[in-house]
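Student: I have a structure open and don't know where to begin. Can we go through it bit by bit?
Tutor: Yes. Here it is.

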Amino acid sequence: MKRLNGIQFRSGVEKGLHKIASDLGRKITIVWTNEITTAAINQHGNVMLANVADDATVTEALVWKYVGFGVHELLHDKYSDFSVIRSVRETFLRALHNGVEDAWIENRAIREGLTGNAKQLLTVLVNGMVDEAMVEVDDWSDTMQYPFSFAVNLRLHGKTVPIAKGHEHILVEAQRRLPSCTSTADTLVLA
């Protein structure tokens with residue numbers, strides 16, 4: 001696998017994200033920051049990504065992962081109603097809603113064919129998260145794992161994780177209802 005230094009890596013990620021943003025009719029600014037560990041987008045269309053040092057040596061696979069993070073954030077910008085998201089005060093419901101919303105925006109983008117390789121990018125992203133979680137999480141029945149478990153298992157692409165015993169029927173019902181969601185308000189009701 002090809003290795004890149006941090007400067008090459010950031011350049012590749014930026015080129016990929018600007019192309020995809022253009023395909024989506026969006027203009028973005030990419031901000032590399034040490035303040036976050038993954039990615040975020042703000043109301044101004046600034047996509048914030050966890051910084052990688054100039055002299056770091058990374059693999060091309062990390063480019064795919066970061067572009068996937070950026071695509072995910074662009075999908076929030078396109079589909080999510082942040083006023084609804086900000087209205088949720090209870091921490092657990094906010095986390096569960098975020099998981100449902102994440103699955104909804106990714107499934108929708110793939111279904112609508114927004115970019116030619118959206119499914120591949122988002123699958124690489126979720127598979128990486130699942131691989132890490134399967135090593136790190138010992139107890140999938142822990143309530144704190146429910147939002148992540150639902151977020152992953154509601155996606156129509158990528159690997160899955162265990163669901164807490166007794167919650168299978170909840171997941172099946174959520175999988176049945178998610179495609180009929182048309183807004184962030186709908187995903188909140190589902191959560």
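Tutor: This is a predicted model. Its chain has a mean pLDDT of 92, and 99% of the residues reach 70 or more.

Student: Which element has the lowest mean pLDDT, and which the highest?
Tutor: Strand E1, residues 3–5, has the lowest at 82, and H8 has the highest at 97.

Student: Why should I care about low values?
Tutor: Where pLDDT is low, the predicted coordinates should not be read in detail.

Student: OK, the core. How many residues are in the largest nonpolar one?
Tutor: The largest nonpolar core has 41 residues. Val13, Leu17, Leu49 and Leu74 have the most contacts inside it.

Student: Which elements supply at least two residues each?
Tutor: Helix H1 (6–23), H2, H4, H5 and H7 do, and so do the strands E2 (29–33), E3 (39–41) and E4 (46–50). H2 gives the largest share of this core, with eight residues.

Student: What is leucine 49 in contact with, leaving aside neighbours within four places in sequence?
Tutor: Its contacts include Val13 and Leu17. Also among them are Ile30, Val31, Trp32, Tyr66 and Phe69.

Student: And which residues does the second core include?
Tutor: That core is separate and has seven residues, including Val126, Val130, Val152 and Val161. As a general point, nonpolar side chains tend to be buried together in soluble globular proteins.

Student: Switching to H4. What span should it have, at 1.5 Å a residue?
Tutor: The 22 residues of H4 should span 32 Å, and the end C-alpha atoms are 31 Å apart, which agrees.

Student: Which of its residues are buried?
Tutor: Among them are Leu96, His97, Gly99, Val100, Trp104 and Ile105. The list also includes Glu101, Asp102 and Glu106.

Student: What covers them?
Tutor: The cover includes helix H2 (60–79), helix H3 (82–87), H5, H6 and H8.

Student: What happens at the ends of H4?
Tutor: Glutamate 90 caps the N-terminal end, with a side-chain oxygen 3.1 Å from the backbone nitrogen of phenylalanine 92. Just after H4, glycine 113 takes a positive phi of about 60°.

Student: New topic: how many salt bridges does the count come to?
Tutor: Eight. In general, side chains of opposite charge can pair when their charged atoms come close.

Student: Where do arginine 108 and glutamate 112 lie?
Tutor: Both lie in helix H4 (residues 91–112), four residues apart, about one turn of the helix. Their side chains meet in a salt bridge, 2.9 Å from N to O. Glutamate 112 is partly exposed, at 40% relative accessibility.

Student: What does aspartate 131 form a salt bridge with?
Tutor: With lysine 159; the closest N and O atoms are 2.6 Å apart. This pair links distant parts of the chain, 28 residues apart. Aspartate 131 is in helix H5 (residues 118–136), while lysine 159 is in the loop between helix H6 (146–153) and helix H7 (168–177).

Student: Are those two buried, exposed or partly exposed, and why?
Tutor: Aspartate 131 is partly exposed because its relative accessible area is 38%. Lysine 159 counts as partly exposed too, at 39%.

Student: What about arginine 176 and glutamate 173, how far along the helix are they from each other?
Tutor: They are three residues apart in helix H7, so about one helical turn separates them. They form a salt bridge, with the closest N and O atoms 2.5 Å apart. Arginine 176 is exposed, with a relative accessible area of 56%, whereas glutamate 173 is partly exposed at 30%.

Student: Back to that loop. What does threonine 123 touch, not counting residues up to four places away?
Tutor: His157 and Gly158. Threonine 123 is found in helix H5. The C-alpha atoms of threonine 123 and lysine 159 are separated by 8.0 Å, though the two residues are 36 apart along the chain.

Student: Is threonine 123 buried or exposed?
Tutor: Threonine 123 is buried because its relative accessibility is 19%, and the cut-off for buried is under 20%.

Student: Last one, threonine 184. Buried or exposed?
Tutor: Threonine 184 is buried, with a relative accessible area of 1%. This residue is found in helix H8 (residues 184–190).

Student: What does its side chain reach?
Tutor: The side chain of threonine 184 reaches the backbone nitrogen of aspartate 81 at 2.8 Å. Beyond neighbours within four places in sequence, threonine 184 has contacts that include Tyr79, Asp81, His97, Glu101 and Trp104.

Methods: Residues are numbered from 1 along each chain as its sequence is written. This is a predicted model: local features need pLDDT of at least 70, side-chain atom pairs count only at pLDDT 80 or more; totals for chains, interfaces and linings use all residues. Side-chain values use heavy atoms; hydrogens and water are left out. Buried means under 20% relative accessible area, exposed over 50%, partly exposed in between (1.4 Å probe, protein chains only). A polar contact is a pair of N or O atoms within 3.5 Å; within protein, one must be able to donate a hydrogen and the other to accept it, and residues adjacent in sequence count only if both atoms are side-chain atoms. Contact means heavy atoms within 4.5 Å. A salt bridge is a side-chain nitrogen of Lys or Arg within 4 Å of a carboxyl oxygen of Asp or Glu. The expected span of a helix is 1.5 Å times one less than its number of residues. A nonpolar core is a set of buried Ala, Val, Leu, Ile, Met, Phe, Trp, Tyr and Cys residues joined through side-chain atoms within 4.5 Å. pLDDT is the predictor's confidence in each residue, from 0 to 100.
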